[in-house]
Amino acid sequence: RWSYLQSVAKQPEIGKYLDEAMVEIERENPTLKGVLPKVYARPNLDKASLGGLIDLIGTIAIGTAKAQSQDVLGRVYEYFLGQFALAEGRKGGQFYTPESIVKLLVEMLEPYEGRVFDPCCGSGGMFVQSEKFVEAHADRIKNGAKGLPLFARDRISIYGQESNQTTWRLCVMNLAIRGIDASNIKWNNEGSFLKDAHRDLKADFILANPPFNDSDWSGDLLREDARWKYGTPPTGNANFAWVQHFIYHLAPTGCAGFVLSNGSLSSNTGGEGDIRRRIVEDDLVDCIVMMPTQLFYNTGIPACLWFLSRYKNGSKNRPRKGEVLFIDASEMGTMINRRNRVFTDDDIKKIVGTYHAWKNAAVTATSAGAGSEPAPTEGYANIKGFCKSATLEEIRKHNYVLTPGRYVGIPDEEDDGVPFEEKMARLTAELKAQMEQAERLDVEIKEQLRKIGFEL
């Protein structure tokens, strides 16, 4: 028990006691077998620091009813995952998707009940956020709020796969401390393409952040795979292998939301353009969201969100066959340090509100620019520079390029009320002063260089 570990925290054998505790936990919890670390007895680990850590953790209220309701242990675990990913950069980002992106994906798809699947699940953030979403909306669902199905926790089941064993362990522990069943989270070295651990699964929701532009995905071994319904992906890039893997696992009324690099929206390399065209013509694309830079810890590559749906015929929302919603959120987000950006709750609310309003209400005339208020839930309107509901015919005219900027346009600049002639006079005066200053600086630079023996 934890109380016993606290009582012996200052003893030199504390590492051995901790390892024994891990063995006992795994014995009592079969899904954790082989998952927990048992390395605390190793000689090079400072036992005084280990005892101090136990004392420190002992000051935190974890097991109380209040702490459990606030998910204190889960929040601590999530914080350390994020900090580790931030510190590790490229390596760390492979197992951790920043929380604001996960929250946006989950809020868009609303996974209330059914099978939730992530075939590249990392440390399990998609599952954790799905659980948080369900808990946050439990009262509304229980009361049968308009448009929401009745909720029962045991009607949610999660399925995942991870090829990195250490990351798989992080995921299983992440779920275990929240009491989420991890029995369908599978690990194998081969990965989802070569050894699909859930071959027969048809998921109601797919949430994923696969590796961007992966060139080492063993595509040369899978040229005739049944999953490539829309075309064989190029061996040098797994983007559309992932897209078709997701589609293959979608239930007849399922939907998917996932992250891809921006290149997936326009690339024609290796037949990717033809694959994208066939997916669009099959009317699976529901929404595309362009995201800003610096959202990810492990890459500076700009990214986008794809949302696919098999129920655009109106079985769950309004009929929207032949329509695709484009959202340009590339100017949104807030910098939290010099390198990283996050979506704020207001950003998420605006994007999510726009998407759900579009799914549930007819499209009306274009409204004001991107700075206007979020689309109301009772109606949707195209907003120049921010969102546009496009038809398949419009997408065909753009040669199946799905970059939102091509559809939403540029927001109108607000008129500041200053007459054009007055504005131009001011601007040209400023330009003249800047040019004169540049000339003076050029002369000064030449003089300083001459003094140390260099002539221009």
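Strand β6 (residues 285-290) and strand β8 (residues 323-328) run parallel in this predicted model, joined by four bridges. On β6, Cys-287 stands opposite Leu-325 in β8. A second partner is strand β7 (residues 303-309), which pairs with β6 in the antiparallel sense over five bridges. Here Cys-287 stands opposite Phe-307 in β7. The table sets out the two pairings.

| Partner of β6 | Sense | Bridges | Residue opposite Cys-287 |
|---|---|---|---|
| β7 (residues 303-309) | antiparallel | five bridges | Phe-307 |
| β8 (residues 323-328) | parallel | four bridges | Leu-325 |

How much of β6 is buried? Six of its six residues are, so to speak, under cover: the strand is mostly covered, with each of those six buried.

Now for the whole chain. You will find 17 helices and 13 strands in it, and buried residues make up 46% of its 456 residues. Among contacts with a separation of 6 or more, 68% are between residues 24 or more positions apart. The chain exposes about 23700 Å², and carbon and sulfur atoms supply 52% of that area.

The helices bring us to the largest pocket, which holds about 2100 Å³ of space. Its lining has 43 residues, and the closest to the pocket centre are Met-22, Ile-25, Tyr-40, Leu-73 and Ile-177. Helix α2 (14-28) is among the helices that each supply at least two lining residues, along with α1 (2-7), α3 (47-58), α5 (72-88) and α10 (165-176). With eight residues, α2 gives the most to this lining. By residue type, the lining divides into 33 nonpolar, four polar and six charged residues.

Technical notes
Residues numbered from 1 in each chain as written. Predicted model: local features only at pLDDT ≥ 70, side-chain atom pairs only at ≥ 80, totals over all residues. Heavy atoms only, no water. Buried < 20%, exposed > 50% of the residue type's maximum accessible area, 1.4 Å probe, protein only. Pairing = 2+ DSSP bridges. Contact = heavy atoms within 4.5 Å. Areas by Shrake-Rupley, 256 points an atom, 1.4 Å probe, with all protein chains shown as cover. 1 Å grid on protein atoms, 1.4 Å probe; cavity = no way out; pocket = protein on both sides within 12 Å on 5 of 7 lines; lining within 4 Å. Points joined across faces, edges and corners; volume = space filled by probe spheres on them. Nonpolar A, V, L, I, M, F, W, Y, C, P; charged D, E, K, R; others polar.
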